[in-house]
Amino acid sequence: MTFTKRPFIRCGLLASGALSLLMASLVQADEWQISLGTEVRYFPGDGLYENAGDRWAFNLEVENHWSVLNDSDYPLYINLHGQFRQAAATADDDRNRVDFPALNLAQFRDGWEWTLGMDKLFWGVAESQNLVNIVNQTDLQASPDGKDRLGQWMARTSWHHDTFGSWDFLLLPHFRARDFSNSRSRLALPLPVLGRDAYESGDGDNHLDFASRWSHQWGDLTTGLSYFNGTSRAPDLQLVIDNTHPSQPLVLQPFYAQIEHTGFDAQWILGEWLLKAEAIYQTSHSGHYWASISGVEYTFGQIMDTSYDLSWYLEYLYDDRQAQAPAGVLENDWMLAARLSFNDEASSSLLVAVFRDAEADETIVKCEGSYRLSDHLSLGLELWTFATGPSYSRDPVTRIPAQIVDTATYGKQALLNDEDFLQLSVTYYF
Amino acid sequence: MSRLTNNRQNPLHTFLNRSAAMLGILLLCCGTAITANADTDKGLAISQEADKRNSGFVDFRAELTMRIVNTQGGESLRKLDIKTLEGVEEGDKTITIFTFPKDIRGSGFLTHTKKTTNDDQWLYLPSIKRVKKISSKNKRSPFFGSEFAFEDLSSQEVEKYTYHYLNDEVVDGLDSYVIQRTPNDPESAYSKLIVWMDKEHLQIRKIDYYDRKEALLKTLTASDYTLYEDKFWRASNLHMVNHQNKKQTFLVWENYRFNTGLKDSDLEQPALMRPLTGG
């Protein structure tokens with residue numbers, strides 16, 4: 001390219017050069033963090049729709065941070081963290097995802113901080129699930145355990161004080177609905193899920209939600225109290241008739257109720273023991289319920305004179321809705337898990353968790369492993385098996401899966417019965 | 001090693017034999033007690049003086065490169081950013097953030113060292129933004145695959161050990177004190193540490209770590225001491241060799257900055273959650 005022939009481009013280049021020089025003096029950037037990965041899921045079973053093979057997806061992750069007003073005592077930070085997932089097969093396009101775990105402005109001054117934009121935060125102490133972790137939407141496409149969360153728009157202010165504890169206040173202006181697998185994909189529901197969500201609030205997904213949390217440390221005891229008022233992150237799946245599809249008019253429609261959600265969490269360190277508890281009380285138009293997780297964690301350091309650490313977890317999950325609890329809820333279950341940390345150069349670790357219903361014949365096993373192949377390459381492994389009682393069947397007359405009607409017989413996890421899978425992921429960090 | 005062991009035990013043995021011969025059992029007991037106290041006092045005094053000379057740094061920031069070498073000569077690197085705020089009433093507060101390898105970039109530890117009780121320690125996992133308060137009983141565990149245990153890298157408060165001065169020796173051509181440190185915490189991985197400290201600047205030149213079975217486990221050597229702020233000596237190179245598994249770890253400290261204006265709020269949990277911002 002010659003500049004004489006293209007004065008417009010030359011001017012543009014000069015202007016942008018001057019601008020970037022100016023910006024460079026005012027803005028400080030961290031280095032870009034970029035990672036590219038691929039994951040494959042192998043399903044040995046046929047699945048609900050008998051059309052599901054292996055699943056490939058590609059992941060791109062970028063992250064950077066900038067600071068402006070660097071001359072002042074309190075610079076302003078611009079945080080960007082984007083995650084992009086592209087499924088290889090169009091049948092799997094519900095797994096495509098663009099998310100921003102961080103896309104925000106933030107400022108910190110002494111004990112205070114505020115954040116404006118998209119962000120992710122974590123509340124809770126338990127290993128199996130986190131009932132009190134209410135702010136961010138669950139990303140079920142990433143993993144069935146519900147621990148992966150999506151970014152959430154928020155205006156947040158926090159105050160941390162040694163004596164008075166940590167205080168968090170959040171206004172959540174926009175709601176992100178949960179992504180469900182479509183009927184061509186895996187870990188799908190037995191009926192199509194309507195793309196149009198229903199909301200109790202007239203403001204739909206623009207209801208202004210409010211959340212706050214207070215937490216405090218009393219020596220080795222840490223406690224938290226949280227409150228949320230707004231759109232439930234977990235939808236009720238309602239059976240509706242969709243006349244646009246006469247061949248299969250029965251569909252599920254996610255309905256997001258307005259809820260009040262009060263949470264309590266505590267962790268007490270007693271030597272090698274960690275005692276943990278999470279409890280929530282939730283009210284909505286359809287009534288109220290409470291749920292809890294209580295458990296212990298114990299770590300054997302350097303087992304058998306090796307450098308390995310072995311941590312044991314035992315937790316009990318309870319939901320007082322019992323048989324009325326929605327499918328997928330662990331309402332009366334135990335989790336026993338062990339995590340082996342090898343403390344080696346490859347940061348290898350292996351977790352095995354077994355969930356077992358205290359009454360019903362439902363067992364879920366999860367294995368998670370990670371291994372660093374080189375400074376730039378990491379390997380991850382996830383294995384899920386579901387042994388959740390009687391196998392799936394459709395009622396030949398109504399075509400309604402029996403599980404939806406009769407969770408008391410089939411249990412709450414029956415839909416997962418044929419969905420065992422193994423996931424391998426490789427990530428390259430630039 | 002055997003030479004050092006003999007050096008440590010000889011004076012005591014000689015004394016015991018002589019005392020027993022001359023004064024009998026009763027006086028022997030008093031005698032050892034008095035000698036032990038005198039050596040304990042001297043060991044403590046030297047350690048307190050070393051601590052005093054190092055106090056008043058207010059805060060520092062530095063970058064740490066950790067090179068782990070296994071028995072086959074294979075190497076792996078870790079890079080960490082360290083911020084430490086000096087404690088007055090209690091021990092120092094330190095934030096350690098991984099910057100390399102990239103898959104654990106942003107993970108970090110916050111430690112509030114306590115002088116006599118267990119340290120407070122938090123772990124931060126950036127992928128789920130979770131801060132977890134962890135038991136500091138895991139101090140024996142290796143620090144991310146290195147030959148350093150958590151307790152080797154935490155702030156070495158004077159109150160954490162009982163001291164016993166052993167003798168003088170020349171190390172690296174420097175006239176040095178040899179002091180035995182016995183961890184007060186029964187959870188420590190060590191039965192004792194033998195510390196060589198040069199007499200002029202009270203810099204630690206070498207430490208032998210003995211495991212719970214009294215066998216020599218590791219040796220740390222510190223070199224390339226640099227003077228910062230006209231007052232504070234810091235070793236640029238630390239080398240830990242594990243005699244039992246033959247693995248080695250090299251630490252290189254770089255870009256030391258003192259008195260950087262760190263505030264208390266920079267070393268609390270919220271700061272742990274913004275490791276790559278906040279300067």
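These legends accompany close-up views of a predicted model.

**View 1. The hairpin of strands 5 and 6 in chain B.** Strand 5 of chain B covers residues 120-125. Strand 6 of chain B covers residues 130-134. The two strands pair in the antiparallel sense, over 5 bridges. One pairing to pick out is Trp122(B), whose bridge partner in strand 6 is Lys133(B). The strands form a hairpin with 4 residues between them. Lys129(B) sits in that turn and has a positive phi of about 60 degrees.

**View 2. The two faces of strand 6 in chain B.** In a regular strand the side chains alternate between the two faces of the sheet. One side of strand 6 of chain B carries Arg130(B), Lys132(B) and Ile134(B). Val131(B) and Lys133(B) are on the other side. Both faces are covered, and these residues are all buried. The strand is thus mostly covered, with 5 of its 5 residues buried. Lys133(B), the bridge partner of Trp122(B), is among the buried residues.

**View 3. A negative patch and the end of the story for helix 1 in chain B.** Asp51(B), Glu89(B), Glu90(B) and Glu159(B) gather in a patch of negative charge on the surface. Asp51(B) belongs to helix 1 of chain B, residues 2-53. Asp51(B) counts as partly exposed because its relative accessibility is 37%. Ala50(B) is also found in helix 1 of chain B. Ala50(B) has a relative accessible area of 15%, so this residue is buried. Ala50(B) and Leu202(B) are 152 residues apart in sequence. In space, their C-alpha atoms are 5.6 Å apart.

**View 4. Ala189(B) and Tyr210(B).** Ala189(B) is found in the loop between strand 8 (174-183) and strand 9 (190-198) of chain B. Is this loop residue buried or exposed? Ala189(B) counts as buried, because its relative accessibility is 14% and the buried class lies under 20%. Along the chain, Ala189(B) and Tyr210(B) are 21 residues apart. Their C-alpha atoms are separated by 8.4 Å.

**View 5. A cis peptide bond in chain B.** Phe100(B) and Pro101(B) are joined by a cis peptide bond. Omega is about 0 degrees. Pro101(B) is placed in the loop between strand 3 (93-100) and strand 4 (108-112) of chain B.

**View 6. Positive phi at Val58(B) and Asp224(B).** Val58(B) is a residue other than glycine, yet its phi is positive, near 65 degrees. Val58(B) is found in the loop between helix 1 and strand 1 (59-69) of chain B. With a relative accessible area of 37%, Val58(B) is partly exposed. Asp224(B), also not a glycine, has a positive phi near 55 degrees. The place of Asp224(B) is in strand 11 of chain B, residues 216-228. Asp224(B) is partly exposed, with a relative accessible area of 46%.

**View 7. A nonpolar surface patch on chain A.** Which residues make the nonpolar surface patch of about 540 Å²? They are Trp32(A), Ile34(A), Leu36(A), Leu60(A), Tyr428(A) and Phe430(A). Phe430(A) lies in the segment after strand 22 (421-429) of chain A. Phe430(A) has a relative accessible area of 46%, so this residue is partly exposed.

Notes. Residues are numbered from 1 along each chain as its sequence is written. Chains are lettered from A and ligands numbered from 1 in the order in which they are written. This is a predicted model: local features need pLDDT of at least 70, side-chain atom pairs count only at pLDDT 80 or more; totals for chains, interfaces and linings use all residues. Side-chain values use heavy atoms; hydrogens and water are left out. Buried means under 20% relative accessible area, exposed over 50%, partly exposed in between (1.4 Å probe, protein chains only). Two strands pair if DSSP finds at least two bridges between them. Patches are made of residues with over 30% relative accessible area and no salt bridge: like charges are joined within 9 Å, nonpolar side chains (Val, Leu, Ile, Met, Phe, Trp, Tyr) within 5 Å. Accessible areas come from the Shrake-Rupley method with a 1.4 Å probe; for residues, only the protein chains shown count as cover. A salt bridge is a side-chain nitrogen of Lys or Arg within 4 Å of a carboxyl oxygen of Asp or Glu. Lys and Arg count as positive and Asp and Glu as negative; His and the chain ends are not counted. The place of a charge is taken as NZ of Lys, CZ of Arg, CG of Asp or CD of Glu.
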